Amino acid sequence: MSDLSRHLPLSNRERTDESAVTGDWRVALADVVALAAGLARSQDDADRFLAEAGLGSSAGIPLTEVVAEIRGGRRRRIRSLVDATRALLVLAGDRPVALPPTLSGAVALYAVTRMPFERRAAVAGSTFSADDAGWALGRGPVRTATARDILNFVLGLSDTVPGTPRGPKL
C-alpha cells in the first residue's frame, strides 16, 4: 500500500478512536476556493474558476462568500475537491500555489486511479514521490517530483511524466 495510506483513517496503523472519520471534504474544498480567491484577478477569473470547479451556480458571487457557503453547506465528496483543485491549478498558471500535503496527496490518490489508460500505462510499475509534500503513491521505481508536477500530470494538465525513475541503490 502507498506511504500515504498510513495517514488515512481506518488504515492498518495503530488503533485509535476514528469515530469522527467522515467522507466530507467540505473544509478542504473551502480551502481550495479560498486559495483561488487570492489568485483571481477579476470576477471573470473567479467565475471561470467556479465553472471549471463545478461550482457554477455561484457565478457572480465573490469567492470569499462562496467559501462561507461551502463551509456551512452540504457535505462534499472528494470528486468536488479534485475538480476544484484542477480548476485552481488552471487559474494559477505559472504562479505558485500552497496546497497542504494532505490535500494534494488525497487529490493525487483519487486522480491516479482515474487517469486515462495511456497515462496509467506511462507510469505503470512506478511510484510517484512528492519531494515537497512527503507522500508517495504506487509501487516500483521512484519518480520524484513536486506535488504540483504530479498533480498536473494525473489531472491531465500536463503531458510530461513527472520525475525520472530511480532504480534500487547499489
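**Exercise 1.** Decide whether Thr 127, at 9% relative accessibility, is buried or exposed, and then describe its place and its surroundings.

*Solution.* The relative accessible area is computed with a 1.4 Å probe on protein chains only, and a residue is buried under 20%, exposed over 50% and partly exposed in between. Thr 127 has 9% relative accessibility and therefore counts as buried. The model is a predicted one, in which local features need pLDDT of at least 70 and side-chain atom pairs count only at pLDDT 80 or more, while totals for chains, interfaces and linings use all residues. Residues are numbered from 1 along each chain as its sequence is written, and side-chain values use heavy atoms, with hydrogens and water left out.

The next step is to place the residue: Thr 127 belongs to strand β1, where helices (H or I, at least four residues) and strands (E, at least two) are DSSP runs numbered from the N terminus. Contacts are then listed, a contact being heavy atoms within 4.5 Å. When residues up to four places away in sequence are not counted, Thr 127 touches Ala 136, Leu 137, Gly 138, Arg 139, Gly 140, Pro 141, Val 142 and Arg 143. For Arg 143, which is 16 residues from Thr 127 in sequence, the C-alpha to C-alpha separation is 5.8 Å.

**Exercise 2.** Give the order of the elements in the protein chain and state how confident the prediction is.

*Solution.* The protein chain holds 7 helices and 4 strands, and from the N terminus on they follow the order α-α-α-α-α-α-β-β-β-α-β. Confidence is expressed as pLDDT, the predictor's score for each residue from 0 to 100; its average over the protein chain is 87, and 84% of the residues score at least 70. Among the elements, the highest mean pLDDT, 96, falls to α4, whereas strand β4 (residues 165-166) has the lowest, 61.

As for burial, 40% of the 170 residues in the protein chain are buried. If one takes the contacts between residues at least 6 apart in sequence, 56% of them join residues at least 24 apart.

**Exercise 3.** Check the length of helix α1 (residues 26-39) against the expected span, and identify what covers its buried residues.

*Solution.* The expected span is 1.5 Å times one less than the number of residues in the helix. For the 14 residues of α1 this gives 20 Å, and because the end C-alpha atoms are 20 Å apart, the model agrees with the expectation. The buried residues of α1 are Ala 28, Leu 29, Ala 30, Val 32, Val 33, Ala 36 and Leu 39, and their cover includes α2 (43-52), α3 (63-72), α4 (78-92) and α5 (101-112).

Two residues from elsewhere in the chain illustrate this packing. Ser 80 is located in helix α4 and is partly exposed, with a relative accessible area of 23%; beyond its neighbours within four places in sequence, Ser 80 is in contact with Leu 29 and Ala 53. Between Ser 80 and Leu 29 there are 7.3 Å from C-alpha to C-alpha, although they are 51 residues apart in sequence. Leu 55, in the loop between α2 and α3, counts as buried at 8% relative accessibility. Outside its neighbours within four places in sequence, Leu 55 is in contact with Val 33, Leu 50, Ile 70 and Arg 76.

**Exercise 4.** Find the aromatic pair in the whole structure, classify its geometry, and locate the charge that sits over the ring of Phe 153.

*Solution.* Rings of Phe, Tyr and Trp (its six-membered ring) pair if their centres lie within 6.5 Å, and planes under 30 degrees apart count as stacked, over 60 as edge-to-face and the rest as tilted. The search of the whole structure returns 1 aromatic pair. In this pair, the ring centres of Phe 128 and Phe 153 are 6.3 Å apart and the planes stand at 65 degrees, so the arrangement is edge-to-face. The pair connects distant parts of the chain, 25 residues apart, with Phe 128 in strand β1 (residues 127-130) and Phe 153 in helix α7 (residues 147-154). Phe 128, at 4% relative accessibility, is buried, and Phe 153, at 2%, is buried.

For the charge, the criterion is that NZ of Lys or CZ of Arg be within 6 Å of the ring centre and within 35 degrees of the ring normal. The charged end of Arg 119 sits over the ring of Phe 153, 4.8 Å from its centre. Arg 119 lies in helix α6 (residues 117-123) and counts as buried at 13% relative accessibility. Leaving aside neighbours within four places in sequence, the contacts of Arg 119 are Phe 153, Gly 156, Ser 158 and Asp 159.
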